[in-house]
Amino acid sequence: MLDYIIVGFGLAGLSFAKQLEDNDKSYLVFENYSQKSSRVAGGLYNPVILKRFTPAWSALEQIQKAIPFYRKIEAKLQESLITELPILRRFNSIEEQNMWFEACDKPILDQFLLPELLQNTNKSLDIPYHFGRVKHTGRVDIKKMLFSYLQYLDKKKCLISESFDHHKLNSSDGFVEYKNIKAKHILFTEGFGVKNNPFFNYLPLLGNKGEYIIIRSETLKLEEAIKSSIFIIPLGNNTYKIGATYNNQDKLPDTTEQAKKEIKEKLESFLKTEYEVIDQVAGIRPTVQDRRPLVGTHPDHQNVHILNGLGSRGILIGPTIAEHLYNYIENKIPLEKEVDITRFEKLR
């Protein structure tokens, strides 16, 4: 009998699989590659909400866990995955610059915000005011990480590349059974695909479509990520990821011309050099109205669990929340009420 079955393998699935590896638990992963939000995400880790200059939820704990977590994955996979990357916030007014200084004096934020203004020296950018710099930021190559980890699982005979049929899952006291596979627990980390999961489709996962364009520019020569109305994220070799959009109406996985137009208009409001669009990607972020993850155990099936709703900050949230869930299942350490799915019990 296995210890765990994991269904879905984005950031949530990878984060929990790493917990199982660290604790010598046996597991099997089902992945059908239908959910793309993790694979197309920008991959930035950033502890600050730059629209309002406020710390992200549990930012300090999350960043302290996330960086060592991804470094260990680099070592395990023998791949270069993390790039330290400064994030510069483009100010739109003197008032925003003043708000930045006020934020720099606040608890937690004083660790993440540089208390001085930076002048733009890049002639390809129109920056009438200044930049503020966020510290302890960088980028994880999520697509490469997930691809390499799935290869690792395949070599270990821990991967089944097929869709999971929820109706063939039987839950009994002490274990679950799927076809001819038995496990002590099953964890669903399906992202927006949980909408098709009869165990957890009552949960209020909204879904928010995000699209990026990938551009090439020989003249931009940018070595930092820039945050304005959109992000410019350097990828190397004169290529950049630009975005993202936020659309809570369109739940189709395809890219759209409307999103490309929106991104280009925002980009060209401050980019003053030539560029070429070489790709466009889209994914449905698993978002929740209260902006907290969906974590916990099914109320009627004590061996059936969920880890979902990481939203647009999964790169930071995943390692921390996966550890919390593991300790909840294995060590009976209670989950925080703000993430426990029992907060939505009345929706069943």
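The second largest pocket of this predicted model has a volume of about 420 Å³. Its lining is made up of 21 residues. Those lying nearest the centre are Arg 39, Val 40, Lys 143, Lys 241 and Val 281. Five elements give two or more residues each to this lining. Three of them are strands: S9 (138-140), S17 (239-243) and S18 (276-285). The other two are helices H2 (37-40) and H5 (142-155). Strand S18 provides the largest share, three residues. By residue class, the lining of the second largest pocket holds 10 nonpolar, eight charged and three polar residues.

Strand S18, which leads the lining of that pocket, also contains Arg 285. Arg 285 has a relative accessibility of 9% and therefore counts as buried, the limit for that class being under 20%. Residues up to four places away in sequence set aside, Arg 285 touches nine others by name: Ser 37, Gly 207, Asn 208, Lys 209, Gly 210, Ala 244, Thr 245, Tyr 246 and Ser 312. With Lys 209 there is also a polar approach. A polar atom of the Arg 285 side chain lies 3.4 Å from the backbone oxygen of Lys 209. Tyr 70 is 215 residues from Arg 285 in sequence, and the two C-alpha atoms are 21 Å apart.

Thr 245, one of the residues touched by Arg 285, sits in the loop between S17 and helix H6 (257-268). Its relative accessibility is 5%, so Thr 245 counts as buried. The side chain of Thr 245 reaches the backbone nitrogen of Glu 211 at 2.9 Å. Beyond residues up to four places away in sequence, Thr 245 touches Lys 209, Gly 210 and Glu 211. It also touches Ala 259, Glu 262 and Ile 263, together with Arg 285. Lys 209 and Gly 210 are likewise among the residues touched by Arg 285.

A search of the whole structure finds one cavity of 30 Å³ or more. The largest cavity encloses about 50 Å³ of space. Its lining consists of Trp 57, Ser 58, Glu 61, Gln 62, Ile 317, Thr 320, Ile 321, His 324 and Glu 336. Two helices, H3 and H7 (314-331), each supply at least two of these residues. Helix H7 gives the largest share, four residues. The lining of the largest cavity divides into four polar, three nonpolar and two charged residues.

Ser 58, part of the cavity lining, lies in the loop between strand S5 (54-55) and helix H3 (59-77). At 27% relative accessibility, Ser 58 counts as partly exposed. Its side chain makes a polar contact of 3.4 Å with the side chain of Trp 57. Trp 57 lines the largest cavity as well. In sequence, Ser 58 and Leu 316 are 258 residues apart. In space, their C-alpha atoms are 9.6 Å apart.

A further loop site is His 301. This residue is found between strand S19 (294-297) and strand S20 (304-308). His 301 has 24% relative accessibility and so counts as partly exposed. Apart from neighbours within four places in sequence, His 301 is in contact with Ser 171 and Phe 199. The side chains of His 301 and Ser 171 are joined by a polar contact of 3.5 Å. The C-alpha atom of His 301 is separated by 7.8 Å from that of Ser 172, although their positions lie 129 residues apart along the chain when counted as sequence separation.

At the level of the whole chain, there are seven helices and 20 strands. The C-alpha atoms fill a box of roughly 65 × 40 × 40 Å along the principal axes. The radius of gyration is 21 Å. This agrees with a compact globule, because 348 residues would then give a value near 20 Å. Of the 348 residues, 53% count as buried. Among contacts with a separation of 6 or more, 73% join residues 24 or more positions apart.

Notes. Residues are numbered from 1 along each chain as its sequence is written. This is a predicted model: local features need pLDDT of at least 70, side-chain atom pairs count only at pLDDT 80 or more; totals for chains, interfaces and linings use all residues. Side-chain values use heavy atoms; hydrogens and water are left out. On a 1 Å grid over the protein atoms alone, a cavity is a set of points where a 1.4 Å probe fits but cannot get out, and a pocket is an open set with protein on both sides within 12 Å along at least five of seven lines; lining residues have an atom within 4 Å of a point. Grid points are joined across faces, edges and corners, and a volume is the space filled by probe spheres set on the points. Ala, Val, Leu, Ile, Met, Phe, Trp, Tyr, Cys and Pro count as nonpolar, Asp, Glu, Lys and Arg as charged, and the others, Gly among them, as polar. Buried means under 20% relative accessible area, exposed over 50%, partly exposed in between (1.4 Å probe, protein chains only). Contact means heavy atoms within 4.5 Å. A polar contact is a pair of N or O atoms within 3.5 Å; within protein, one must be able to donate a hydrogen and the other to accept it, and residues adjacent in sequence count only if both atoms are side-chain atoms. The radius of gyration is taken over C-alpha atoms; the globule rule is 2.2 Å times the number of residues to the power 0.38.
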